[in-house]
Amino acid sequence: MLKIQKMLVGAMARLDETMVMNLVKQGLQMGINPYVLLEEIRLGTDRVGELYSKGEYFLSDLIMASEIFKDVLTLVNQDRVFTAIASYPTVVFGTVENDIHDIGKNITTGIMSYNGFDICDLGVDVPGEKFVEAVELHNSRVVCLTGLITEAFDSMKNTIALLEKTGHRARTTVIIGGLVNESVRIYTGADYWTTDCNKVNELCRNILMTNRKIV
Ligand code: B12
């Protein structure tokens with residue numbers, strides 16, 4: 001790993017915005033993939049979360065972390081033009097009910113748009129019914145759910161149950177991300193989980209290029 005990447009984790013953990021921005025600018029000038037830089041910053045936010053759990057950081061520090069992340073995203077995306085080039089059906093994406101964390105969603109949808117996917121971004125705190133409406137409206141076959149708080153797991157589970165109840169589950173693939181793991185996937189009934197936004201393009205391409213659902 002390059003020194004710059006290591007330094008990014010520490011700078012984010014210290015919430016040193018100036019240092020983070022300078023390191024990102026340097027990294028971009030050196031030709032490092034922006035999403036590699038974002039991943040290091042994400043690791044830094046994990047550290048911020050740990051310090052918050054220990055009572056060493058406060059809510060204001062979580063807010064600061066999100067502000068730094070947003071500024072980095074703006075910097076990284078400023079020269080990018082997002083155009084849907086692939087004729088895939090729209091991917092429905094949202095942060096589930098009761099949860100307002102959206103940085104990971106914004107990064108992942110940004111990467112997907114950049115790779116030609118048409119995204120219906122429903123925003124944050126999205127009730128299951130809204131996901132169902134969007135699936136119907138766009139005839140979608142992939143639903144992406146994100147959630148970072150424990151309550152989000154029940155919202156994911158309820159959303160997936162609602163897709164089942166309304167007859168959409170058999171033809172939709174549900175991918176979850178955020179603070180999730182295999183146990184959460186099993187609990188919620190999702191098809192896939194990932195915390196690596198770079199995997200999502202290939203995964204979605206595979207799903208959408210086949211006529212049947214892959215599980
Ligand atoms: C920033 C932050 C906030 C910001 C969020 C701002 C925003 N606009 O998103 C603010 C200050 C608003 C906030 C609020 C709260 N937060 Co908060 N927050 C964080 C923090 C520090 C970073 C989260 C983050 O943005 N990470 C960076 C992104 C890039 O990572 P990511 O979301 O995981 O996304 C990556 C991948 O997962 C993937 N991905 C994400 N989603 C998806 C979806 C798909 C389909 C795919 C393929 C990929 C993918 O792509 C991303 C890039 O790789 C975390 C700590 C942590 N460890 O995560 C706590 C954390 C999530 N928050 C926490 C808490 C407790 C709260 C509050 C309840 C605090 C309070 N007392 O009010 C509220 C909750 C409000 C609510 N109802 O949602 C806890 C949750 C604990 C729990 N298990 O429930 C954490 C873990 C902190 C901690 N250790 O205690 N928070």
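**Ring contacts and the ligand shell**

In this predicted model, the charged end of K157 is perched over the ring of Y187, with 4.4 Å between that charged end and the ring centre. Pairs of aromatic rings are another matter: the count of them comes to zero.

Turning to the ligand, it sits in the largest pocket. A shell of 36 residues surrounds the ligand, and S53, I100, H101, D102 and T146 are the closest of them. Sorted by class, this shell has 17 nonpolar residues, 14 polar ones and five charged ones.

Both helices and strands feed into the shell. Helices α3 (34–53), α4 (59–77) and α5 (103–114) each supply at least two residues, and so do strands β3 (142–147) and β4 (173–178). The top contributor is α3, which gives seven residues to the shell around the ligand.

As for polar contacts, nitrogen atoms of the ligand turn up in several. At T146, a polar side-chain atom lies 2.7 Å from a ligand nitrogen. The side chain of H101 also takes part, with an N or O atom 2.8 Å from a nitrogen atom of the ligand. N98 joins in through its backbone instead, where a polar atom is 2.9 Å from a ligand nitrogen. Of these residues, H101 and T146 are also among the closest to the ligand.

How values were computed:
Residues are numbered from 1 along each chain as its sequence is written. This is a predicted model: local features need pLDDT of at least 70, side-chain atom pairs count only at pLDDT 80 or more; totals for chains, interfaces and linings use all residues. Side-chain values use heavy atoms; hydrogens and water are left out. Rings of Phe, Tyr and Trp (its six-membered ring) pair if their centres lie within 6.5 Å; planes under 30 degrees apart count as stacked, over 60 as edge-to-face and the rest as tilted. A charge sits over a ring if NZ of Lys or CZ of Arg is within 6 Å of the ring centre and within 35 degrees of the ring normal. A residue is near a molecule or strand if one of its heavy atoms lies within 4 Å of it. A polar contact is a pair of N or O atoms within 3.5 Å; within protein, one must be able to donate a hydrogen and the other to accept it, and residues adjacent in sequence count only if both atoms are side-chain atoms. On a 1 Å grid over the protein atoms alone, a cavity is a set of points where a 1.4 Å probe fits but cannot get out, and a pocket is an open set with protein on both sides within 12 Å along at least five of seven lines; lining residues have an atom within 4 Å of a point. A molecule sits in a cavity or pocket if more than half of its atoms lie within 2 Å of its grid points. Helices (H or I, at least four residues) and strands (E, at least two) are DSSP runs, numbered from the N terminus. Ala, Val, Leu, Ile, Met, Phe, Trp, Tyr, Cys and Pro count as nonpolar, Asp, Glu, Lys and Arg as charged, and the others, Gly among them, as polar.
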